[in-house]
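Subject: Handing over the structure

Hello,

Here is the structure I promised to pass on to you. Please have a look at it, and then read on for my notes.

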Amino acid sequence: MAKIIKKERFREMYEAILKLKDVDECISFFEDLCSPTELSAMEQRYEVMSLLLQDKVYLEILEKTSASTATISRVKRVMDYGTGCMPRIIQEMKQEQ
């Protein structure tokens with residue numbers, strides 16, 4: 001079996017993200033950094049995670065987001081086995097509303 005080598009992250013990019021002053025600047029930054037398809041995919045995954053955290057079922061998520069069942073399953077795996085950062089942030093934002 002092939003050994004997976006984890007590439008070190010280019011920290012400077014993440015540090016630049018932390019320098020963004022507001023949502024509009026963040027949108028502009030990501031529009032410069034990502035293709036429209038990449039942005040759409042990230043936004044869709046975020047929405048799927050948000051709906052999963054609200055205990056929505058796959059069919060409901062599919063109807064609201066048009067995400068494929070593969071994407072929904074992938075996001076569910078991240079929710080269950082990932083770092084936990086994204087679900088924590090989404091839940092903190094919901095509490096602030």
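A residue is called exposed here when its relative accessible area is over 50%, and buried when that value is under 20%. Glu63 has a relative accessible area of 61%, so Glu63 is exposed. Glu63 sits in helix H4, which covers residues 58–65. From the C-alpha atom of Glu63 to that of Pro87 there are 21 Å, with the two positions 24 residues apart along the chain. Please keep in mind as you read that this is a predicted model.

**The chain as a whole**

The chain holds six helices and zero strands, so you can follow it from start to end as α-α-α-α-α-α. Its C-alpha atoms fill a box of roughly 45 × 40 × 25 Å along the principal axes. Of the 97 residues in the chain, 19% count as buried. Among the contacts with a separation of 6 or more, 42% are made by residues 24 or more positions apart.

**The largest pocket**

How much space lies in the largest pocket? It comes to about 1400 Å³. The pocket is lined by 29 residues, and those closest to its centre are Phe30, Met42, Glu43, Tyr46 and Met86. Five helices each give two or more residues to this lining: H1 (11–18), H2 (23–33), H3 (36–53), H5 (69–81) and H6 (85–96). By class, the lining has 20 nonpolar, three polar and six charged residues.

**Where H3 meets H6**

Two of those helices also pack against each other. The axes of H3 and H6 are 10 Å apart, and the angle between the helices is about 70 degrees. Angles from 65 to 115 degrees count as roughly perpendicular, and therefore H3 is roughly perpendicular to H6. On the H3 side, the contact is made by Arg45, Tyr46, Met49, Ser50 and Leu53. H6 brings Met86, Pro87, Ile90, Gln91, Met93 and Lys94 to this contact. Seven of the residues in the contact of H3 with H6 are nonpolar, two are polar and two are charged.

Ser50 is a good residue to look at here. Is Ser50 of helix H3 buried or exposed? Ser50 has a relative accessible area of 8%, which means that Ser50 is buried. Leaving aside neighbours within four places in sequence, Ser50 is in contact with Ile90 and Lys94. Both Ile90 and Lys94 are listed on the H6 side of the helix contact.

**Two more buried residues**

Val48 is another residue of helix H3. With a relative accessible area of 0%, Val48 is buried. Which residues does Val48 touch, not counting those up to four places away in sequence? They are Ile61, Thr65, Ala67, Ile72 and Val75. You can also compare the positions of Val48 and Leu62, which are 14 residues apart along the chain and have their C-alpha atoms separated by 8.6 Å.

Thr71 belongs to helix H5. Its relative accessible area is 12%, so Thr71 is buried too. Apart from neighbours within four places in sequence, Thr71 is in contact with Gln44 and Arg45. Arg45 has already come up, as one of the H3 residues in the contact with H6.

**Two loop residues with positive phi**

Finally, two backbone angles are worth a look. Asp55 is not a glycine, yet its phi is positive, at about 65 degrees. You will find Asp55 in the loop between H3 and H4. Asp55 counts as exposed because its relative accessibility is 69%.

Ser66 is the other one. Its phi is near 65 degrees, again a positive value in a residue other than glycine. Ser66 lies in the loop between H4 and H5. Ser66 has a relative accessible area of 62%, which means that Ser66 is exposed.

Happy exploring, and best wishes

Definitions and conventions
Residues numbered from 1 in each chain as written. Predicted model: local features only at pLDDT ≥ 70, side-chain atom pairs only at ≥ 80, totals over all residues. Heavy atoms only, no water. 1 Å grid on protein atoms, 1.4 Å probe; cavity = no way out; pocket = protein on both sides within 12 Å on 5 of 7 lines; lining within 4 Å. Points joined across faces, edges and corners; volume = space filled by probe spheres on them. Helix = DSSP H or I, 4+ residues; strand = E, 2+ residues; numbered from the N terminus. Nonpolar A, V, L, I, M, F, W, Y, C, P; charged D, E, K, R; others polar. Axes fitted to C-alpha atoms, helices over the stretch in contact; angles between N-to-C directions. Parallel < 35°, antiparallel > 145°, perpendicular 65-115°, else oblique. Contact = heavy atoms within 4.5 Å. Buried < 20%, exposed > 50% of the residue type's maximum accessible area, 1.4 Å probe, protein only.
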